[in-house]
Amino acid sequence: MPDLQKLYDAVLEGDQKTAVAVTQEALAAGCAPMELITKYMVPAMDEVGRRFECEEYFVPELLLSARAMKGSLVLLRPLLAESGVQPAGRVAIGTVKGDLHDIGKNLVASLLEGGGFEVIDLGADVAPEKFISAVKERGANIVALSALLTVTMPAMRTTIDALKQAGVRDQVKVMVGGAPVTPQFATEIGADGYSDNASAAVGLARSFVRPE
Amino acid sequence: MQAARKRLLDTLSHRTPDRIPIDFGGSAVTGVHVSCVAALRDHFGLERRPVMVHEPYQMLGLIEDDLRVAMGLDVTGVFPRKTMFGFANTLWREWDFRGLTVLVSNEFRTTVEPSGDILIYPEGDLSAPPSGRMPLGSAFFDTIVRQPEIVENELNAEDNCEEFSLIEDEDLAHFKSSAETAQASGCGVLATFGGTAFGDIALVPAPFLKNPKGIRDIAEWYMSTASRQDYVHKIFERQCEVGIANLARIHAAIGDAVDAVFLCGTDFGTQTSQFCSVKTLRNLWFPYYKAVNDWVHANTTWKCFKHSCGSVEKFLETFIEAGFDIINPVQCSAAGMDPKSLKSKYGDRLVFWGGGVDTQKTLPFGTPEQVRGEVLGRCEVFGTGGGFVFDSIHNIQAGTPVENIVAMLNAVHEFNGVTIYA
Ligand code: B12
């Protein structure tokens, strides 16, 4: 049995090679994939988020941890699907139309993935139709929108309106964020939630899927 | 009344000038979107002619002498011969920029995708993969990342140094003639020579190169600043060596014809935090910044201009120690960037070139009256004792109402006690 604490450390320290190696060993030794995720990877990514929030970690460290986690998830995901384990929720995330700033969006996507969500990353400069098809065809139940430019903030409203027009607004929770976005703006455009950092975004998404 | 250049020089030396100097168009970080330049020309009733897009990446419009006078500006720019897409601004021709006729370089070559997105090509070479994309509905280009597959143990820092080479005689001749023209205008001169940015994330994808090698992806670059510091040091070492050699050649050609040099546009700030710790800044960037700035101070009268968006208050002490004289764009809307405390803590050692008005809320969305109020307030705080060049926080973006731009200019003139057009 490999020392699974090493998986936690590898994710926390952004060491993809070790994360992958320990995951392989653990699977060979018969560990349950879900246990690796919930007991080691999710807590590690939570800690990464915490360090980011209190400025012990910065964008580069967060990206490295996310990459380590993803390396391991690539091995685990097919096994989860086989065993019918459901993700915490399915998030369609993207930077809205006309905006290419995607660093913040990528961090949010990674922490959500680390938090046990399935993430459909639509990229940057994403048209409303793409969010709609992610909901309709891929069953996303959370839509996460990022915008960094004042000129692209209105595209968040357009996207929410398009979800309404397509008749899928009630099937999803919408959360928004990015440097110029404020809680007031989020309310104004009819979003369900806002956060100003990636780690709180995970808490927000968890609150959406928690049974009431 | 002082001449514009004297006004800037006093300001940069922390002496009280007769009035606050104003810069719009002096650099690619203090510029104005071509659509706004066109609107300003109309507003001031200047000759109707297409505006030159002198910086195609952000689609910045050239502010010509007539508009500079109408706006009451004190600074003009010297720019590199080649643009962000690697071609020179030669032989202007008309281009229909989504309904607005503008002038672009003959080597500004584009194709249109079925989606309506516009693609632009490095060095104007349509046979090379495109290096920029302007999405439908957008007003400027985004770089297209062309990242060759990374094989960790085959990474060679040389590959990231293709763009750092000794400048050609043609470039030198260009700097010489531009500096002469700039000086003849009587304005203060802000020069951009290029080559000393050290990891500016807008330049990492190298939109000016046909086939960039090395680390060109944005996330990959950021990760490298933590996990491949030796590699990054090697790039910076080379860049620093070549950069200083080029500055020496340029200085030999133009002397002290320019007043400030925009040396580095690497953004260290986010809205609420920084891209790295002070420790990393000091370890990875500081030695190179210091070497370049020390060279400039030892050999020229130029002042060193640093641009960084976002929340960078925690970095200002290090920037000063590294020899920077000027900070831009002073993003007061970001965490810790309160004008009063910035001025009182750093005002005697650092020139604030920017911070004149917020561009995330006030300038694009405020009323002209709100713009006036904010501008007067900022002039009051930053203007005391010199050390303030008026400029909005970063370029004036497409879609900014011209009434607000005019309200901003009028407010600075009001503060300065100047009647521009009687
Ligand atoms: C890096 C950067 C760039 C890079 C982008 C690279 C990339 N691929 O993303 C480059 C250099 C290419 C760039 C280009 C431009 N930029 Co820029 N850029 C920045 C900068 C410095 C940092 C942004 C960033 O990455 N922050 C780090 C991340 C981690 O933070 P974040 O994005 O805010 O995300 C966090 C939270 O907001 C939240 N969050 C984000 N998304 C979401 C989504 C959800 C659902 C939730 C819940 C939370 C959430 O969590 C994240 C992590 O904690 C900002 C400065 C600033 N104040 O933010 C300017 C800034 C955003 N840029 C700006 C501008 C104007 C531009 C340009 C137009 C060029 C120009 N300067 O004129 C171009 C346009 C490009 C385009 N088409 O979009 C302006 C916008 C001003 C305005 N009026 O809107 C800013 C504010 C700079 C300034 N001082 O004016 N930029």
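**Exercises on a predicted model**

The mean positions of the 37 positive and 53 negative charges of chain B lie 3 Å apart. This model is predicted.

**Exercise 1.** Decide whether chain B is as compact as a globular protein of its length, or not.

*Solution.* Start with the secondary structure: chain B has twelve helices and 15 strands. Next, take the radius of gyration, 21 Å. The globule rule gives 22 Å for 422 residues. The two values are close, so chain B is as compact as a globular protein of that length. Then add the extents: the C-alpha trace spans about 65 × 50 × 40 Å along its principal axes. Finally, look at burial: 61% of the 422 residues count as buried.

**Exercise 2.** Find the protein donor of the cobalt atom of the ligand and place it in its chain.

*Solution.* The only protein donor is A:H101, through NE2, at 2.3 Å. A:H101 sits in the loop between β1 (90-95) and α5 (103-114) of chain A.

**Exercise 3.** Describe the backbone in the loop between β13 and α9 of chain B.

*Solution.* Begin with the peptide bond between B:N328 and B:P329. It is cis, with omega about 0°. B:P329 belongs to the loop between β13 (326-328) and α9 (339-346). B:V330 lies in that loop too. Its phi is near 55°, a positive value in a residue other than glycine. Most residues other than glycine have a negative phi, and most peptide bonds are trans.

**Exercise 4.** Classify B:V330 and A:D125 as buried or exposed.

*Solution.* The cut-off for buried is under 20% relative accessible area. B:V330 has 2%, so B:V330 is buried. A:D125 has 14% relative accessibility, so A:D125 counts as buried.

Conventions. Residues numbered from 1 in each chain as written. Chains lettered and ligands numbered in written order. Predicted model: local features only at pLDDT ≥ 70, side-chain atom pairs only at ≥ 80, totals over all residues. Heavy atoms only, no water. Donors = N, O, S within 2.8 Å, 3.2 Å for Na, K, Ca; no water. Helix = DSSP H or I, 4+ residues; strand = E, 2+ residues; numbered from the N terminus. Rg over C-alpha atoms; globule rule 2.2 N^0.38 Å. Buried < 20%, exposed > 50% of the residue type's maximum accessible area, 1.4 Å probe, protein only. Lys, Arg positive; Asp, Glu negative; His and termini not counted. Charge placed at Lys NZ, Arg CZ, Asp CG, Glu CD.
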